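Trainee: I would like to learn how to read a structure like this one. Where should we begin?

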Amino acid sequence: MSHVVPLELLASGESGRVCLLEGVHEQVLRLEEMGLRMGVEVRMLRTGPPCLLAIDGQRITFRGGEAIAVFVEVAG
């Protein structure tokens, strides 16, 4: 069984699949350009802010905020 949590609640080393991106359209587009988009698997390398994520062999930093929210589906 899986559950959905905000990206910021993943612990270091934990992974999840992006299932929802909400926020200002331009910021959502920018995250998608960086690889953070629906269906992609992410792994939390370091909690933040900013948190450090591994996505498709790349590392990106992400600082959430009031303008954008990312939710991930976590197995378990």
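Mentor: Begin with contact, which means heavy atoms within 4.5 Å. Note also that this is a predicted model.

Trainee: Leaving aside neighbours within four places in sequence, which residues is L53 in contact with?

Mentor: With that exclusion, L53 is in contact with L7, L36, R43, M44, L45, Q58, R59, I60 and F62.

Trainee: Which residues touch the most other members of the largest nonpolar core?

Mentor: A nonpolar core is built from buried residues, and buried means under 20% relative accessible area. The largest such core here has 20 residues, and L36, V42, L53 and F62 touch the most other members. Two or more residues each are given to this core by β2 (15–23), α1, β3, β4 (51–55), β5 (58–62) and β6 (68–75). The largest share, four residues, comes from β6.

Trainee: How do I read the sheet, and in what order do its strands form it?

Mentor: The general idea is that strands of a sheet pair through backbone hydrogen bonds, either parallel or antiparallel. In this model six strands form an open sheet, and the order is β1-β6-β2-β3-β4-β5 with antiparallel pairing.

Trainee: Which strands stand at the edges?

Mentor: β1 (2–6) and β5 do; each has a single partner strand, so one side of each is left without a neighbour in the sheet. From one strand to the next, the twist averages 40°.

Trainee: What does α1 touch when it packs on the sheet?

Mentor: The helix α1 touches β2, β5 and β6, and its direction makes about 155° with that of β2.

Trainee: Over how many bridges do β2 and β6 pair?

Mentor: They pair over six bridges, in the antiparallel sense. As a point of reference within that pairing, G23 stands opposite I68 in β6.

Trainee: How many bridges join β4 to β5?

Mentor: Five bridges join these two strands, which run antiparallel. Here C51 stands opposite F62 in β5. The hairpin of β4 and β5 has two residues between the strands, and D56 takes a positive phi near 50° in it.

Trainee: What should I note about the phi of D56?

Mentor: Its sign: D56 has a positive phi of about 50° although it is not a glycine. The residue lies in the loop between β4 and β5.

Trainee: Is D56 buried or exposed?

Mentor: The cut-off for exposed is over 50% relative accessible area. D56 has 59% relative accessibility, so it counts as exposed.

Trainee: Now the backbone at the prolines. Which residues does the cis peptide bond with omega of about 20° join?

Mentor: That cis bond joins G48 and P49. The peptide bond from P49 to P50 is also cis, with omega near -10°. P49 is placed in the loop between β3 and β4, and P50 lies in the loop between β3 and β4 as well.

Trainee: Last, a loop residue. Where is the place of M38?

Mentor: M38 is in the loop between α1 (25–33) and β3 (41–46).

Trainee: Why does M38 count as partly exposed?

Mentor: Partly exposed covers the range between under 20% and over 50%. M38 has a relative accessible area of 47%, so it is partly exposed. Not counting residues up to four places away in sequence, M38 touches V18, C19, L20 and L21.

Trainee: How far apart are the C-alpha atoms of M38 and V72?

Mentor: They are separated by 9.1 Å, while the two residues are 34 residues apart along the chain.

Terms used: Residues are numbered from 1 along each chain as its sequence is written. This is a predicted model: local features need pLDDT of at least 70, side-chain atom pairs count only at pLDDT 80 or more; totals for chains, interfaces and linings use all residues. Side-chain values use heavy atoms; hydrogens and water are left out. Buried means under 20% relative accessible area, exposed over 50%, partly exposed in between (1.4 Å probe, protein chains only). A nonpolar core is a set of buried Ala, Val, Leu, Ile, Met, Phe, Trp, Tyr and Cys residues joined through side-chain atoms within 4.5 Å. Two strands pair if DSSP finds at least two bridges between them. Axes are lines fitted to C-alpha atoms, for helices over the stretch in contact, and angles run from 0 to 180 degrees between N-to-C directions.
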